[in-house]
Amino acid sequence: MATDREAQEMTGTMARFTALLAKRLPDDVLTQLGRLRKVEDGPLPRIVYDTMFKNLELAAELDRPCCQDTGALQFFVRAGARFPLLGRLRSILTEAVREATRTAPLRHNAVETFEERNTGTNTGTNLPWIDWEIVSDDATAEIDVYMAGGGCTLPGSAKVLMPGEGYEGVVQFVFDVVTSYGVNACPPLLVGVGISTSVETAALLSKRAIQRRIGTHHPNPKAAELERLLEDGLNALGLGPQGLSGKASVMGVHVESTARHPSVIGVGVSTGCWAHRRGTIRFDGSLRHQVLTHHGVTL
Amino acid sequence: MSKVLKTPISDAGVEQLTAGDIVFLDGSLVTCRDVGHRRLVERGMELPVDLRGGAILHAGPIVADRGGGRFEMVSVGPTTSMRMEKFEKDFIARTGVKLIVGKGGMGPETVEGCRRHKAIHAIFPGGCAVVAARQVEEIERVEWRDLGMPEALWVSRVSRFGPLIVSIDAKGNNLVDSNKALFNARKAAIVEEISRQVRFIR
């Protein structure tokens, strides 16, 4: 049984991790941006990449959120059933968001729906949003923290295709979403594609897909091949940074899938902007933590 | 040599620019986004800031309240301009604004407003909010604070604010629209090529 003190400590750790995420991009994203920067040689893409990297340096130096839109916080929890703070996790994460909002500081991004009032705390009805997966019977927990701005949230889309449309329909849908709305979503994008039965499962998978580390692949070889084809194909569109045209469009394409009803193909697409602020932290049964996405971090 | 615009911006200052040019701004810059536009255009409210010859930024910043009416700009990148497309033509006509800064492109109504009233839309690189905040010398005042931090009108004095990439000029050119046409023209062949390789349902 965990103590109040342990709950407080975890709250502090999660608040500090959330604040850090606003200011520093994860290692995989930085590596990929560095790679894509080298590919661009046009004057507009180059001035945009120069500004992006200068911005990251300044954010670190001045300890400020690198993008002003620090999102409506989402947590993806993969916990064992015996994680000591499982039942208190919602209040811990909610309090961590309040604390990070003050300390980072984060932008006030929680508007109570229908009341149309900004709570000023980044918390509100069911916000932060928490996605729960009980993955084992052990005492550990792994938590993804994600802050996405409105710009890269806007392209999010899901629909249910008829089987006759096939995977070809999935490809068309991904391209339609990216060419219609991706340009405004701060490319190079990380594109998540969920393939499942219905809109909500496909949409959720597409969001989980962009929590995955860049460079990882779907375990199924056909799905991994689809990821590669989509990545190469979207890059061939040549969106460039900020959609100003260039050599590349995406940091990657990740596909997640479930088995599905034979009469339908549910497809969801989520996009993450170049300032893809997500991080993963693991807690063991003694509540010791380890940051998995940002090297050399002490919280 | 980079071009620099200074508020108040003249028609001639606007007319010298072409979509794709890079420019910087000196002078006054006011944040104004969804609800600010809606209040002026739909509700007919007077904007509490004189924007004749002025510049607005589609942005919802993070601002630190230093007390005694003093504020510091912490982080202020541009937001998606397309959300303001519905209002911008009327907004330009009503306010006399000359420079609209945001992220991504805008549509035909804004192009028409820019052409008719000699104004431009320019893109500040999205997500580069600390670079932008450092170019804010001072927050001079804030209006419509009842809208909350992101939606309030933050009136700032800026120095060499940019890079600003002109996306809509006063001659009817729309850089992002042309780019989108290019991307869409490339799309069909790529989709067909991939589709050929993913016929997993047999």
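These are my notebook entries on a predicted model with chains A and B.

**Entry 1: where the chains meet**

I began with the contact between the two chains, and found that 49 residues of chain A and 47 residues of chain B take part in it. On the side of chain A that touches chain B, I listed the elements giving two or more residues, and these are α3 (43-62), α5 (150-153), α6 (166-181) and α8 (221-237) of chain A. Of these, α3(A) gives the most, with ten residues. I then sorted this side of chain A by class, which gave 28 nonpolar, 15 polar and six charged residues.

**Entry 2: a sheet in chain A**

I next looked up an open sheet of four strands in chain A, whose order is β6-β9-β7-β8 and whose pairing is mixed. I noted that β6 (157-161) and β8 (250-257) of chain A stand at the edges with a single partner strand each, so one side of each has no neighbour in the sheet. From one strand to the next, the twist averages 15 degrees. Following one pair in detail, I found β7 (residues 189-196) of chain A running parallel to β8(A), with seven bridges joining them. For Gly194(A), I found the bridge partner in β8(A) to be Glu256(A).

**Entry 3: helices across the sheet**

I then asked which helices lie across these strands. Helix α6(A) lies across β6, β7 and β9 (265-272) of chain A, and runs at about 30 degrees to β9(A). Helix α7 (residues 199-209) of chain A lies across β6, β7, β8 and β9 of chain A, and runs at about 145 degrees to β7(A).

**Entry 4: helix α3 of chain B and its partners**

Turning to chain B, I looked up helix α3 (residues 85-95) and helix α4 (residues 108-117), whose axes come within 8 Å and cross at roughly 10 degrees. I therefore recorded α3(B) and α4(B) as roughly parallel to each other. Their contact includes Glu85(B), Lys89(B) and Ile92(B) of α3(B), and Glu109(B), Cys114(B) and His117(B) of α4(B). By class, I noted three nonpolar, three polar and five charged residues in the contact of α3(B) with α4(B).

I also looked up helix α2 (residues 34-41) of chain B, whose axis comes within 10 Å of that of α3(B), the two crossing at roughly 65 degrees. The crossing of α2(B) past α3(B) is left-handed. Here His37(B), Arg38(B), Leu40(B) and Val41(B) of α2(B) meet Phe87(B), Asp90(B), Phe91(B) and Arg94(B) of α3(B). I sorted the residues of the contact of α2(B) with α3(B) into four nonpolar, one polar and three charged.

Methods:
Residues numbered from 1 in each chain as written. Chains lettered and ligands numbered in written order. Predicted model: local features only at pLDDT ≥ 70, side-chain atom pairs only at ≥ 80, totals over all residues. Axes fitted to C-alpha atoms, helices over the stretch in contact; angles between N-to-C directions. Parallel < 35°, antiparallel > 145°, perpendicular 65-115°, else oblique. Contact = placed C-beta atoms within 7 Å. Nonpolar A, V, L, I, M, F, W, Y, C, P; charged D, E, K, R; others polar. Pairing = 2+ DSSP bridges. Left-handed = near helix turned anticlockwise from the far one by under 90°.
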